[in-house]
Every structure is written in C-alpha cells, then in structure tokens.
Amino acid sequence: MRALIEAGQLPEFPSGENSRLALPRGSSRGATLEDIPFLRRLYWSFRMEEMEPVPWPQELKWAFIDQQFDLQHRHYVATFSSADFLILLDGSEPIGRLYVDSSMERWHVIDIGLLPQWRNRGKGVATLKAIQRQAKACSASGIMLHVERRNIRAQALYRRLHFREAEASDTHIQMRWSTR
C-alpha cells in the first residue's frame, strides 16, 4: 500500500516576501500545501526512471519516492526559508516547479522541473532566461544551480544559457552564470 503522508503534515512553504524575482504575469504562482499532490506526481516523474530496474513491487517504489519527496520538501523549506517556491503554469494548469532563492548576491536556482509532456517545449528555457534578465536587472552577481552528473541534457541546456561549471562532486555539478 502506498504510504502517502497527508499534505497537512508537511511544513508550509515560506512566503517569499523578500523576493527579488518577478516572472512574467501568469507564468507562475506561489506553491501551497494544496499543491503537494501535484508536486508528488512531478517528483515521481523525475525519479521513476531510476527506480525502474529496482526489483521492488510498484507500490513499494511509490512509497519510497513519496518518502524521498517528503524529506526533500522538509529540507528545502528549512534550508531555504527566504526562497520563492513557485508552481510553473500554462494558463491555470500546473506544469512544473521552480524554487529560487534571490535573497543573496548570487541567486540560487534550488530546483526547476517540468512534467514530461512539457519538457523540450521551450518553457524551461523561457523561465531560465526570465530569471537571468531579472537577476541582471536587480544587480545580482549571477545565478548558481546544481545539476546531477548523469543529467547530460540539463547540463547542455545550462551551457547554452552560458552557465559554466564551478565545482563538482561525485553526483552533482555546480554551475554558475555571471551578470558581469
């Protein structure tokens, strides 16, 4: 049986009241606990491929991914209390998430992801370009993000947008884009 933790048991998203990020009108909205079911489905779309070869029953895989989502949510909310936690939209339809901390000199894209049917359609590029324009307009020094080493497609996208490798671990690469 899937072990879904009720949305009410997860911490609220921070308000993002100190945000310097202003995306185009109608392209996003602040995340709320009511978005948890959508955010879980989105997270499953990120993780199910890597779980495919694991010889567990499907329900156990879902429970594991749900647990990982809960842990990630708690970590992000506690660690990035000044960040914007946004739901990316197409009209009123949720299509992805964007978590950005614009409270520092160098903005931090904590997480960006789209549902599979919205990938490779220009939404991610448009969102990242909007963040770059906004960071420059706010005189931020640049933008930082982390990408998994195995996510070659995302790395190529970031390089096309002039992000450069800054640091690396066994699992992730930190990439930076400079406004100067």
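**Exercise 1. The hairpin of β6 and β7**

Task: In this predicted model, determine which residue of β7 is the bridge partner of Ala168, and describe how the two strands are arranged.

Solution.
Step 1. Ala168 has Ile173 as its bridge partner in β7.
Step 2. Strand β6 covers residues 164-168 and strand β7 covers residues 172-178. The two strands run antiparallel and are joined by 4 bridges.
Step 3. Between β6 and β7 there are 3 residues, and the strands form a hairpin.

**Exercise 2. The surroundings of Asp101**

Task: Establish in which strand Asp101 lies, what the nearest side chain of opposite charge is, and which side chain Asp101 meets in a polar contact.

Solution.
Step 1. Asp101 belongs to strand β3, residues 93-101.
Step 2. Asp101 is buried and has no salt bridge. The nearest side chain of opposite charge is that of Arg20, at 7.5 Å. A salt bridge requires a side-chain nitrogen of Lys or Arg within 4 Å of a carboxyl oxygen of Asp or Glu, so a pair beyond that cut-off does not count.
Step 3. The side chain of Asp101 does make a polar contact with the side chain of Ser103, at 2.6 Å.
Step 4. Neighbours within four places in sequence being left aside, the contacts of Asp101 are Phe80, Ser82, Ala83, Trp107, His108 and Ile110.

**Exercise 3. From Asp101 through His108 to Met144**

Task: Find which residue among the contacts of Asp101 also appears among the contacts of Met144, and state whether that residue is buried or exposed.

Solution.
Step 1. Met144 is part of strand β5, residues 142-148, and is buried at 14% relative accessibility.
Step 2. Met144 and Asp101 are 43 residues apart in sequence, while their C-alpha atoms are 9.9 Å apart in space.
Step 3. Beyond four places in sequence, Met144 is in contact with Arg106, Trp107, His108, Val109, Gln174, Met175 and Arg176. Trp107 and His108 appear in this list and in that of Asp101; His108 is followed here.
Step 4. His108 lies in strand β4 and is buried, its relative accessibility being 9%.
Step 5. The contacts of His108, counted beyond four places in sequence, include Asp101 and Met144, together with Phe80, Tyr99, Val100, Leu145 and His146.

**Exercise 4. Arg40 between two acidic side chains**

Task: State with which residues Arg40 forms salt bridges, and which helices are linked in this way.

Solution.
Step 1. Side chains of opposite charge can pair when their charged atoms come close.
Step 2. Arg40 forms a salt bridge with Asp66, at 3.6 Å from N to O. Arg40 lies in helix α1 (residues 36-51) and Asp66 in helix α2 (residues 58-79), 26 residues apart.
Step 3. Arg40 also forms a salt bridge with Asp70, at 2.8 Å from N to O. Asp70 is in helix α2 and Arg40 in helix α1, so this pair ties together parts that are 30 residues apart in sequence.
Step 4. Arg40 is buried at 5% relative accessibility, Asp70 is buried at 4%, and Asp66 is buried too.

**Exercise 5. Helix α2**

Task: Compare the span of α2 with its expected value, and identify what covers its buried residues.

Solution.
Step 1. The 22 residues of α2 reach 31 Å from first C-alpha to last, close to the 32 Å expected at 1.5 Å a residue.
Step 2. Among the buried residues of α2 are Ile65, Asp66, Phe69, Asp70, His73 and Val77.
Step 3. The elements covering the buried residues include α1, β2 (84-90), β3 and β4 (106-114).

**Exercise 6. A salt-bridge network**

Task: Name the residues linked with Arg150 in a network of salt bridges, and state whether Arg150 is buried or exposed.

Solution.
Step 1. The structure holds 11 salt bridges. One of them joins Arg150 and Glu148, with the closest N and O atoms 2.9 Å apart.
Step 2. The network consists of Arg47, Glu50, Glu148 and Arg150.
Step 3. Arg150 is exposed, at 53% relative accessible area, whereas Glu148 is partly exposed at 31%.

**Exercise 7. Positive phi values**

Task: Locate Ser139 and His162 and state the phi of each.

Solution.
Step 1. Ser139 sits in the loop between α3 (123-137) and β5. Its phi is near 60°, a positive value in a residue other than glycine.
Step 2. His162 sits in the loop between α4 (152-160) and β6. The phi of His162 is positive, about 70°, although this residue is not a glycine.
Step 3. His162 counts as exposed, at 52% relative accessibility.

Note on methods:
Residues numbered from 1 in each chain as written. Predicted model: local features only at pLDDT ≥ 70, side-chain atom pairs only at ≥ 80, totals over all residues. Heavy atoms only, no water. Buried < 20%, exposed > 50% of the residue type's maximum accessible area, 1.4 Å probe, protein only. Lys, Arg positive; Asp, Glu negative; His and termini not counted. Polar contact = N/O pair within 3.5 Å; in protein donor to acceptor, adjacent residues only side chain to side chain. Contact = heavy atoms within 4.5 Å. Pairing = 2+ DSSP bridges. Expected span 1.5 Å × (residues − 1).
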